[in-house]
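Here is a friendly walk through one structure, taken a few residues at a time. Keep the picture open beside the text and look up each place as it comes.

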Amino acid sequence: MKPVYASLHVLLARQASLGLVIRHGTAKSVCTLLWDRRKDKFALGQWMRGRIVIQTCDLSPDGRHFLYTARKYVHATSQVLEWTVVSRTPYLKAVAYYPRRWAGGWFVNTREYCVLRGSPDRDDRESPEVRRVELDPPTPSLYAARLVRDGWDVEDSRATFGAG
């Protein structure tokens with residue numbers, strides 16, 4: 001019997017006592033939950049068939065919006081669909097939608113965000129709630145820049161890794 005697994009990822013709002021729990025599980029599905037850290041309560045957000053790319057998502061500083069890239073495999077056409085969305089936390093329904101931008105993005109502040117890669121498309125959907133801005137991509141990567149921004153230290157131990 002194949003073991004059942006689930007992985008949990010947590011994004012914490014920088015200016016609020018909120019977190020977003022992303023649960024990847026079997027059956028190629030994902031679920032989001034809002035975590036009120038002050039009351040230590042969880043509220044179910046939404047289920048989706050597909051995957052959220054953890055390394056390219058971000059939570060707004062106030063915890064009100066979630067920026068993510070989703071990926072879904074379509075069996076009938078053997079095609080992988082990818083899109084980037086800004087939604088209201090903890091839900092996955094888009095308030096801003098970029099069907100041909102698949103590299104994720106980050107929040108600059110509570111109302112402004114940047115989406116990586118891709119050029120403007122006629123199918124892009126902007127939102128009056130939040131505003132997209134154009135900025136240079138972070139280095140060395142979006143994921144590494146997000147970790148440093150959130151208080152992690154970067155240590156390059158490649159030279160000593162495996163030595164000994």
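Leaving out residues up to four places away in sequence, Glu-112 touches Phe-107, Arg-131 and Val-133. You will find Glu-112 in strand 11, which covers residues 112–115. Please keep in mind that this is a predicted model. Is Glu-112 buried or exposed? Glu-112 counts as buried, because its relative accessibility is 17% and the limit for that word is under 20%.

From Glu-112 we can step across to Thr-32. The two residues are 80 residues apart in sequence, and their C-alpha atoms lie 22 Å apart in space.

**Around Thr-32 and Thr-89**

Thr-32 lies in strand 3. At 0% relative accessibility, Thr-32 counts as buried. Which residues does Thr-32 touch, not counting those up to four places away in sequence? They are Leu-20, Val-21, Ala-43, Leu-44, Gly-45, Gln-46, Ile-52, Pro-90 and Leu-92. With Pro-90 there is also a polar contact: the side chain of Thr-32 reaches the backbone oxygen of Pro-90 at 2.4 Å.

Pro-90 sits in the loop between strand 8 and strand 9. Just before Pro-90 comes Thr-89, and the peptide bond from Thr-89 to Pro-90 is cis, with omega near 5 degrees. Why is a cis bond worth pointing out? Because most peptide bonds are trans.

Thr-89 belongs to the loop between strand 8 (79–88) and strand 9 (94–98). Although placed in a loop, Thr-89 is buried, with a relative accessible area of 13%. The side chain of Thr-89 reaches the backbone nitrogen of His-65 at 3.4 Å. His-65 is also one of the residues in contact with Thr-89 once neighbours within four places in sequence are left aside; the others are Leu-20, Leu-34, Leu-59, Gly-63, Arg-64 and Phe-66. Leu-20 appears in the contacts of Thr-89 and in those of Thr-32.

**Two more spots in the backbone**

A cis peptide bond also joins Thr-139 and Pro-140, where omega is about 0 degrees. Pro-140 is in the loop between strand 12 (131–132) and helix 1.

Asp-40 draws the eye by its phi, which is near 55 degrees, a positive value in a residue other than glycine. Most residues other than glycine have a negative phi. Asp-40 is found in the loop between strand 3 (29–36) and strand 4 (41–49). Asp-40 counts as exposed, because its relative accessibility is 51% and the word applies over 50%.

**Salt bridges**

How many salt bridges does the count come to? It comes to 7 salt bridges. Among them are these:

| Acidic residue | Basic residue | Closest N to O |
|---|---|---|
| Asp-58 | Arg-149 | 2.8 Å |
| Glu-126 | Arg-132 | 3.0 Å |
| Asp-150 | Arg-149 | 3.0 Å |

The salt bridge between Asp-58 and Arg-149 links distant parts of the chain: Asp-58 is in strand 6 (residues 58–59), Arg-149 is in helix 1 (residues 142–149), and the two are 91 residues apart. Asp-58 is buried, with a relative accessible area of 2%, whereas Arg-149 is partly exposed at 31%. Asp-150 is partly exposed too, with a relative accessible area of 36%. Asp-58, Arg-149 and Asp-150 are linked in a network of salt bridges.

In the pair of Glu-126 and Arg-132, Glu-126 is partly exposed at 41% relative accessible area. Arg-132 counts as partly exposed as well, at 21%, because buried would need a value under 20%.

**The largest pocket**

The network brings us to the largest pocket, since Asp-58, Arg-149 and Asp-150 are among the residues that line it. About 170 Å³ of space lies in this pocket. Which elements give two or more residues to the lining of the largest pocket? They are strand 1 (7–12), strand 6 and helix 1. The lining also includes Val-10, Leu-11, Leu-12, Leu-59, Arg-146, Leu-147 and Trp-152. By type, the lining residues divide into 6 nonpolar, no polar and 4 charged. Leu-59, one of the lining residues, is also in contact with Thr-89, the residue that comes before the cis bond to Pro-90.

Conventions:
Residues are numbered from 1 along each chain as its sequence is written. This is a predicted model: local features need pLDDT of at least 70, side-chain atom pairs count only at pLDDT 80 or more; totals for chains, interfaces and linings use all residues. Side-chain values use heavy atoms; hydrogens and water are left out. Helices (H or I, at least four residues) and strands (E, at least two) are DSSP runs, numbered from the N terminus. Buried means under 20% relative accessible area, exposed over 50%, partly exposed in between (1.4 Å probe, protein chains only). A polar contact is a pair of N or O atoms within 3.5 Å; within protein, one must be able to donate a hydrogen and the other to accept it, and residues adjacent in sequence count only if both atoms are side-chain atoms. Contact means heavy atoms within 4.5 Å. A salt bridge is a side-chain nitrogen of Lys or Arg within 4 Å of a carboxyl oxygen of Asp or Glu. On a 1 Å grid over the protein atoms alone, a cavity is a set of points where a 1.4 Å probe fits but cannot get out, and a pocket is an open set with protein on both sides within 12 Å along at least five of seven lines; lining residues have an atom within 4 Å of a point. Grid points are joined across faces, edges and corners, and a volume is the space filled by probe spheres set on the points. Ala, Val, Leu, Ile, Met, Phe, Trp, Tyr, Cys and Pro count as nonpolar, Asp, Glu, Lys and Arg as charged, and the others, Gly among them, as polar.
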